[in-house]
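Colleague: Could we go through this model step by step, with the reasoning behind each answer?

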Amino acid sequence: MAGMWQRFKMIFKSKANAAMDKAENPAQTLDYSYEKQLEMLQKVRRGVADVATSRKRVELQIASLDKQLSKLDDQARAALAAGREDLAREALIRKSAVGQQINDLHVQLEQLTVQEQKLTVASQQLQTKVESFRTQKETIKATYSAAEAQVRINEAFTGISSELGDVGLAIQRAEDRTAQMQARAGAMEELMATGALDVPGGKDSLTAELERLAADNQVESELAAMRAQLDGSAPPAAVTGASDQPAAVGPAPAEDVVDAQLAEEVAPPVTPAQAETPPAAPPAGPATP
(Lines give C-alpha, C1' and ligand atoms only; values in the text may rest on other atoms or scores of the structure.)
Protein backbone atom coordinates (compact mmCIF):
# COMPACT_ATOMS: atom_id res chain seq x y z
CA MET A 1 0.00 0.00 0.00
CA ALA A 2 2.84 2.38 0.83
CA GLY A 3 4.47 1.64 -2.51
CA MET A 4 1.28 2.48 -4.38
CA TRP A 5 0.92 5.72 -2.44
CA GLN A 6 4.50 6.74 -3.24
CA ARG A 7 3.91 5.94 -6.89
CA PHE A 8 0.71 8.00 -6.87
CA LYS A 9 2.56 10.94 -5.32
CA MET A 10 5.31 10.71 -7.92
CA ILE A 11 2.80 10.59 -10.79
CA PHE A 12 0.87 13.54 -9.35
CA LYS A 13 4.03 15.60 -8.90
CA SER A 14 5.22 14.81 -12.42
CA LYS A 15 1.85 15.75 -13.89
CA ALA A 16 1.68 18.93 -11.83
CA ASN A 17 5.24 19.85 -12.80
CA ALA A 18 4.49 19.31 -16.49
CA ALA A 19 1.34 21.41 -16.22
CA MET A 20 3.23 24.20 -14.44
CA ASP A 21 6.02 24.15 -17.02
CA LYS A 22 3.44 24.41 -19.79
CA ALA A 23 1.57 27.27 -18.09
CA GLU A 24 4.69 29.16 -16.97
CA ASN A 25 5.63 32.24 -18.95
CA PRO A 26 9.29 33.27 -18.51
CA ALA A 27 8.49 36.93 -19.15
CA GLN A 28 5.82 37.00 -16.46
CA THR A 29 8.08 35.12 -14.05
CA LEU A 30 10.88 37.66 -14.55
CA ASP A 31 8.51 40.58 -14.06
CA TYR A 32 7.19 39.00 -10.85
CA SER A 33 10.75 38.49 -9.54
CA TYR A 34 11.58 42.10 -10.35
CA GLU A 35 8.53 43.30 -8.46
CA LYS A 36 9.53 41.21 -5.44
CA GLN A 37 13.04 42.69 -5.48
CA LEU A 38 11.57 46.19 -5.63
CA GLU A 39 9.41 45.38 -2.62
CA MET A 40 12.49 44.13 -0.75
CA LEU A 41 14.38 47.29 -1.66
CA GLN A 42 11.53 49.41 -0.35
CA LYS A 43 11.56 47.48 2.94
CA VAL A 44 15.31 48.05 3.30
CA ARG A 45 14.88 51.74 2.61
CA ARG A 46 12.12 51.96 5.22
CA GLY A 47 14.43 50.18 7.67
CA VAL A 48 17.18 52.73 7.00
CA ALA A 49 14.69 55.54 7.53
CA ASP A 50 13.48 54.01 10.82
CA VAL A 51 17.03 53.60 12.14
CA ALA A 52 17.88 57.14 11.11
CA THR A 53 14.76 58.38 12.92
CA SER A 54 15.72 56.48 16.07
CA ARG A 55 19.25 57.87 15.87
CA LYS A 56 17.94 61.38 15.53
CA ARG A 57 15.61 60.90 18.51
CA VAL A 58 18.52 59.68 20.66
CA GLU A 59 20.59 62.67 19.62
CA LEU A 60 17.76 64.97 20.66
CA GLN A 61 17.49 63.20 24.03
CA ILE A 62 21.22 63.56 24.58
CA ALA A 63 21.04 67.27 23.76
CA SER A 64 18.13 67.69 26.17
CA LEU A 65 19.94 65.83 28.93
CA ASP A 66 23.07 67.91 28.33
CA LYS A 67 21.04 71.03 28.97
CA GLN A 68 19.56 69.46 32.08
CA LEU A 69 23.04 68.47 33.22
CA SER A 70 24.29 72.04 32.91
CA LYS A 71 21.21 73.32 34.74
CA LEU A 72 21.73 70.93 37.68
CA ASP A 73 25.36 71.95 37.87
CA ASP A 74 24.37 75.61 38.10
CA GLN A 75 21.73 74.81 40.73
CA ALA A 76 24.26 72.90 42.84
CA ARG A 77 26.69 75.84 42.73
CA ALA A 78 23.93 78.30 43.62
CA ALA A 79 22.71 76.17 46.57
CA LEU A 80 26.24 75.76 47.88
CA ALA A 81 26.80 79.51 47.61
CA ALA A 82 23.59 80.08 49.56
CA GLY A 83 24.76 77.78 52.33
CA ARG A 84 22.37 75.00 51.40
CA GLU A 85 24.74 72.14 51.12
CA ASP A 86 21.91 69.62 51.23
CA LEU A 87 20.32 71.13 48.13
CA ALA A 88 23.68 71.24 46.43
CA ARG A 89 24.18 67.56 47.23
CA GLU A 90 20.70 66.66 45.83
CA ALA A 91 21.42 68.57 42.64
CA LEU A 92 24.71 66.78 42.19
CA ILE A 93 23.03 63.41 42.72
CA ARG A 94 20.54 64.23 39.97
CA LYS A 95 23.38 65.48 37.84
CA SER A 96 25.12 62.12 38.23
CA ALA A 97 21.97 60.22 37.19
CA VAL A 98 21.53 62.44 34.16
CA GLY A 99 25.16 61.88 33.25
CA GLN A 100 24.60 58.13 33.42
CA GLN A 101 21.59 58.43 31.11
CA ILE A 102 23.67 60.48 28.71
CA ASN A 103 26.34 57.78 28.66
CA ASP A 104 23.72 55.07 27.94
CA LEU A 105 22.24 57.16 25.18
CA HIS A 106 25.67 57.62 23.63
CA VAL A 107 26.07 53.84 23.55
CA GLN A 108 22.68 53.49 21.85
CA LEU A 109 23.55 56.28 19.48
CA GLU A 110 26.73 54.51 18.47
CA GLN A 111 24.87 51.26 17.85
CA LEU A 112 22.19 52.98 15.82
CA THR A 113 24.81 54.77 13.77
CA VAL A 114 26.57 51.51 12.95
CA GLN A 115 23.27 49.83 12.10
CA GLU A 116 22.26 52.75 9.91
CA GLN A 117 25.54 52.57 8.04
CA LYS A 118 25.12 48.85 7.43
CA LEU A 119 21.55 49.26 6.21
CA THR A 120 22.61 52.11 3.96
CA VAL A 121 25.33 49.98 2.37
CA ALA A 122 22.91 47.05 1.99
CA SER A 123 20.34 49.36 0.43
CA GLN A 124 22.87 50.64 -2.07
CA GLN A 125 24.01 47.14 -2.94
CA LEU A 126 20.44 45.96 -3.33
CA GLN A 127 19.66 48.97 -5.49
CA THR A 128 22.56 48.07 -7.77
CA LYS A 129 21.44 44.45 -7.90
CA VAL A 130 17.86 45.41 -8.73
CA GLU A 131 19.00 47.69 -11.53
CA SER A 132 21.25 44.96 -12.91
CA PHE A 133 18.44 42.44 -12.69
CA ARG A 134 16.12 44.85 -14.49
CA THR A 135 18.57 45.14 -17.40
CA GLN A 136 19.10 41.40 -17.46
CA LYS A 137 15.34 40.83 -17.27
CA GLU A 138 14.66 42.98 -20.30
CA THR A 139 17.46 41.27 -22.22
CA ILE A 140 16.12 37.81 -21.37
CA LYS A 141 12.58 38.82 -22.30
CA ALA A 142 13.75 40.19 -25.64
CA THR A 143 15.79 37.03 -26.32
CA TYR A 144 12.86 34.82 -25.36
CA SER A 145 10.49 36.77 -27.60
CA ALA A 146 12.92 36.47 -30.50
CA ALA A 147 13.35 32.72 -29.92
CA GLU A 148 9.59 32.24 -29.67
CA ALA A 149 9.08 34.12 -32.93
CA GLN A 150 11.79 32.02 -34.59
CA VAL A 151 10.11 28.82 -33.40
CA ARG A 152 6.77 29.96 -34.81
CA ILE A 153 8.40 30.84 -38.14
CA ASN A 154 10.12 27.45 -38.31
CA GLU A 155 6.86 25.70 -37.43
CA ALA A 156 5.11 27.65 -40.15
CA PHE A 157 7.77 26.63 -42.69
CA THR A 158 7.71 22.97 -41.67
CA GLY A 159 3.91 22.88 -41.32
CA ILE A 160 3.89 21.42 -37.79
CA SER A 161 2.34 24.37 -36.02
CA SER A 162 -1.05 23.94 -34.39
CA GLU A 163 -2.60 26.61 -36.64
CA LEU A 164 -1.26 25.13 -39.87
CA GLY A 165 -1.66 21.53 -38.76
CA ASP A 166 -5.42 21.61 -39.38
CA VAL A 167 -4.85 23.15 -42.80
CA GLY A 168 -2.33 20.44 -43.68
CA LEU A 169 -4.72 17.72 -42.56
CA ALA A 170 -7.54 19.26 -44.60
CA ILE A 171 -5.33 19.37 -47.69
CA GLN A 172 -4.25 15.77 -47.11
CA ARG A 173 -7.87 14.64 -46.75
CA ALA A 174 -8.81 16.52 -49.93
CA GLU A 175 -5.95 14.89 -51.84
CA ASP A 176 -6.92 11.43 -50.55
CA ARG A 177 -10.54 12.06 -51.50
CA THR A 178 -9.56 13.21 -54.98
CA ALA A 179 -7.31 10.18 -55.52
CA GLN A 180 -10.12 7.90 -54.35
CA MET A 181 -12.60 9.48 -56.74
CA GLN A 182 -10.14 9.26 -59.63
CA ALA A 183 -9.53 5.58 -58.92
CA ARG A 184 -13.27 4.93 -58.72
CA ALA A 185 -13.88 6.73 -62.02
CA GLY A 186 -11.11 4.76 -63.73
CA ALA A 187 -12.44 1.45 -62.40
CA MET A 188 -15.95 2.24 -63.58
CA GLU A 189 -14.63 3.17 -67.04
CA GLU A 190 -12.79 -0.16 -67.26
CA LEU A 191 -15.89 -2.10 -66.18
CA MET A 192 -18.03 -0.25 -68.70
CA ALA A 193 -15.48 -0.90 -71.47
CA THR A 194 -15.31 -4.64 -70.74
CA GLY A 195 -19.09 -4.92 -70.40
CA ALA A 196 -18.96 -6.12 -66.82
CA LEU A 197 -21.00 -3.10 -65.79
CA ASP A 198 -24.22 -2.49 -67.73
CA VAL A 199 -25.17 1.05 -68.51
CA PRO A 200 -28.91 1.86 -68.30
CA GLY A 201 -30.19 2.40 -71.86
CA GLY A 202 -26.93 1.14 -73.41
CA LYS A 203 -25.85 -2.11 -75.11
CA ASP A 204 -24.89 -5.30 -73.35
CA SER A 205 -21.55 -7.01 -73.82
CA LEU A 206 -22.82 -9.65 -76.32
CA THR A 207 -24.41 -7.05 -78.61
CA ALA A 208 -21.31 -4.89 -78.46
CA GLU A 209 -19.09 -7.89 -79.30
CA LEU A 210 -21.31 -8.92 -82.23
CA GLU A 211 -21.37 -5.43 -83.62
CA ARG A 212 -17.61 -5.24 -83.32
CA LEU A 213 -17.26 -8.58 -85.18
CA ALA A 214 -19.60 -7.39 -87.94
CA ALA A 215 -17.66 -4.18 -88.26
CA ASP A 216 -14.42 -6.17 -88.57
CA ASN A 217 -15.97 -8.35 -91.31
CA GLN A 218 -17.14 -5.28 -93.16
CA VAL A 219 -13.69 -3.78 -92.98
CA GLU A 220 -12.10 -6.98 -94.28
CA SER A 221 -14.63 -7.22 -97.14
CA GLU A 222 -14.05 -3.64 -98.16
CA LEU A 223 -10.29 -4.15 -98.04
CA ALA A 224 -10.58 -7.25 -100.21
CA ALA A 225 -12.77 -5.39 -102.71
CA MET A 226 -10.31 -2.56 -102.87
CA ARG A 227 -7.40 -4.96 -103.45
CA ALA A 228 -9.37 -6.68 -106.27
CA GLN A 229 -10.14 -3.36 -107.92
CA LEU A 230 -6.52 -2.38 -107.73
CA ASP A 231 -5.34 -5.73 -109.15
CA GLY A 232 -8.05 -5.71 -111.88
CA SER A 233 -9.52 -9.04 -110.79
CA ALA A 234 -12.84 -10.13 -109.36
CA PRO A 235 -13.29 -9.74 -105.67
CA PRO A 236 -12.90 -12.90 -103.61
CA ALA A 237 -15.66 -14.63 -101.73
CA ALA A 238 -16.90 -13.25 -98.49
CA VAL A 239 -14.78 -13.87 -95.48
CA THR A 240 -17.61 -15.40 -93.51
CA GLY A 241 -17.87 -18.49 -95.76
CA ALA A 242 -17.52 -19.86 -99.36
CA SER A 243 -20.49 -19.31 -101.66
CA ASP A 244 -21.15 -19.25 -105.41
CA GLN A 245 -23.00 -15.98 -105.04
CA PRO A 246 -20.94 -12.83 -104.80
CA ALA A 247 -20.53 -11.56 -101.29
CA ALA A 248 -22.69 -8.64 -100.54
CA VAL A 249 -20.86 -5.61 -99.50
CA GLY A 250 -22.07 -4.41 -96.15
CA PRO A 251 -22.31 -5.65 -92.60
CA ALA A 252 -23.90 -9.06 -92.08
CA PRO A 253 -26.79 -9.23 -89.72
CA ALA A 254 -25.80 -10.07 -86.17
CA GLU A 255 -28.29 -12.99 -86.05
CA ASP A 256 -26.78 -14.63 -89.20
CA VAL A 257 -23.30 -14.38 -87.77
CA VAL A 258 -24.41 -16.02 -84.52
CA ASP A 259 -26.17 -18.85 -86.43
CA ALA A 260 -23.09 -19.48 -88.58
CA GLN A 261 -20.82 -19.63 -85.50
CA LEU A 262 -23.19 -21.99 -83.68
CA ALA A 263 -23.46 -24.27 -86.79
CA GLU A 264 -19.70 -24.49 -87.05
CA GLU A 265 -19.40 -25.36 -83.35
CA VAL A 266 -22.20 -27.99 -83.35
CA ALA A 267 -21.48 -29.81 -86.69
CA PRO A 268 -19.00 -32.68 -86.22
CA PRO A 269 -15.88 -32.62 -88.36
CA VAL A 270 -15.92 -34.74 -91.58
CA THR A 271 -13.06 -37.22 -91.90
CA PRO A 272 -11.49 -38.06 -95.28
CA ALA A 273 -12.83 -41.66 -95.16
CA GLN A 274 -16.36 -40.41 -94.70
CA ALA A 275 -15.97 -38.02 -97.62
CA GLU A 276 -14.82 -40.84 -100.04
CA THR A 277 -17.37 -43.52 -98.92
CA PRO A 278 -20.62 -43.24 -100.89
CA PRO A 279 -23.83 -43.27 -98.99
CA ALA A 280 -25.22 -46.74 -98.21
CA ALA A 281 -28.15 -48.00 -100.33
CA PRO A 282 -31.45 -48.33 -98.57
CA PRO A 283 -32.35 -51.88 -97.57
CA ALA A 284 -34.31 -53.84 -100.15
CA GLY A 285 -37.92 -54.41 -99.44
CA PRO A 286 -39.61 -57.80 -99.45
CA ALA A 287 -39.73 -59.57 -102.82
CA THR A 288 -42.96 -59.36 -104.63
CA PRO A 289 -44.43 -62.64 -105.91
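Colleague: Which residues make up the largest nonpolar core?

Modeller: This is a predicted model, and its largest nonpolar core has 10 residues. Helix 2 and helix 3 (85-158) each supply at least two residues of this core. Apart from this core lies another, of six residues, among them L30, L41, V130 and F133. The residues of the largest core are V51, V58, I62, L65, L72, V98, I102, L105, L109 and L112.

Colleague: With which residues is L112 in contact, leaving aside its neighbours within four places in sequence?

Modeller: L112 is itself listed in the largest nonpolar core, together with V51 and V58. Once the neighbours within four places in sequence are left aside, the residues in contact with L112 are V51, S54, R55 and V58.

Colleague: How many helices and how many strands does the protein chain have?

Modeller: Reading along the sequence, one meets the pattern α-α-α-α-α-α-α in the protein chain. The secondary structure therefore comes to seven helices and, where strands are concerned, zero.

Colleague: How far apart are the end C-alpha atoms of helix 2, and why does that agree with its 56 residues?

Modeller: Helix 2 covers residues 26-81, and at 1.5 Å a residue its 56 residues should span 82 Å, because the expected span counts one less than the number of residues. The expected span agrees with the separation found in the model, where the end C-alpha atoms of helix 2 are apart by 83 Å.

Colleague: Which residue takes a positive phi just after helix 2?

Modeller: The place to look is just after helix 2, where the phi in question is about 85°. The residue that takes this positive phi is G83.

Colleague: Is K137 buried or exposed?

Modeller: K137 lies in helix 3, and, not counting residues up to four places away in sequence, K137 touches L30, D31 and Y34. The charged end of K137 sits over the ring of Y34, 5.1 Å from the centre of that ring. Because its relative accessibility is 4%, and a value under 20% is what the term requires, K137 counts as buried.

Colleague: Which residues does S123 touch, not counting residues up to four places away in sequence?

Modeller: S123 has its place in helix 3, and with a relative accessible area of 11% S123 is buried. Not counting residues up to four places away in sequence, the residues that S123 touches are L41, V44, R45 and V48.

Colleague: Is D73 buried or exposed, and how far is its C-alpha atom from that of L92?

Modeller: D73 is in helix 2, and its relative accessibility of 19% is under the 20% limit, so D73 counts as buried. Along the chain D73 and L92 are 19 residues apart, while the separation of their C-alpha atoms is 6.8 Å.

Colleague: What is the relative accessible area of R57?

Modeller: R57 is found in helix 2, and R57 and L109, which are 52 residues apart in sequence, are 9.2 Å apart in space, C-alpha to C-alpha. R57 is partly exposed, because its value falls between the limits of 20% and 50%, and that relative accessible area is 46%.

Colleague: What percentage of the 289 residues in the protein chain is buried?

Modeller: The protein chain exposes about 23,100 Å², and carbon and sulfur atoms supply 59% of that area. Among the 289 residues of the protein chain, the buried residues make up 13%.

Methods: Residues are numbered from 1 along each chain as its sequence is written. This is a predicted model: local features need pLDDT of at least 70, side-chain atom pairs count only at pLDDT 80 or more; totals for chains, interfaces and linings use all residues. Side-chain values use heavy atoms; hydrogens and water are left out. Helices (H or I, at least four residues) and strands (E, at least two) are DSSP runs, numbered from the N terminus. Buried means under 20% relative accessible area, exposed over 50%, partly exposed in between (1.4 Å probe, protein chains only). Accessible areas come from the Shrake-Rupley method with a 1.4 Å probe; for residues, only the protein chains shown count as cover. A charge sits over a ring if NZ of Lys or CZ of Arg is within 6 Å of the ring centre and within 35 degrees of the ring normal. A nonpolar core is a set of buried Ala, Val, Leu, Ile, Met, Phe, Trp, Tyr and Cys residues joined through side-chain atoms within 4.5 Å. Contact means heavy atoms within 4.5 Å.
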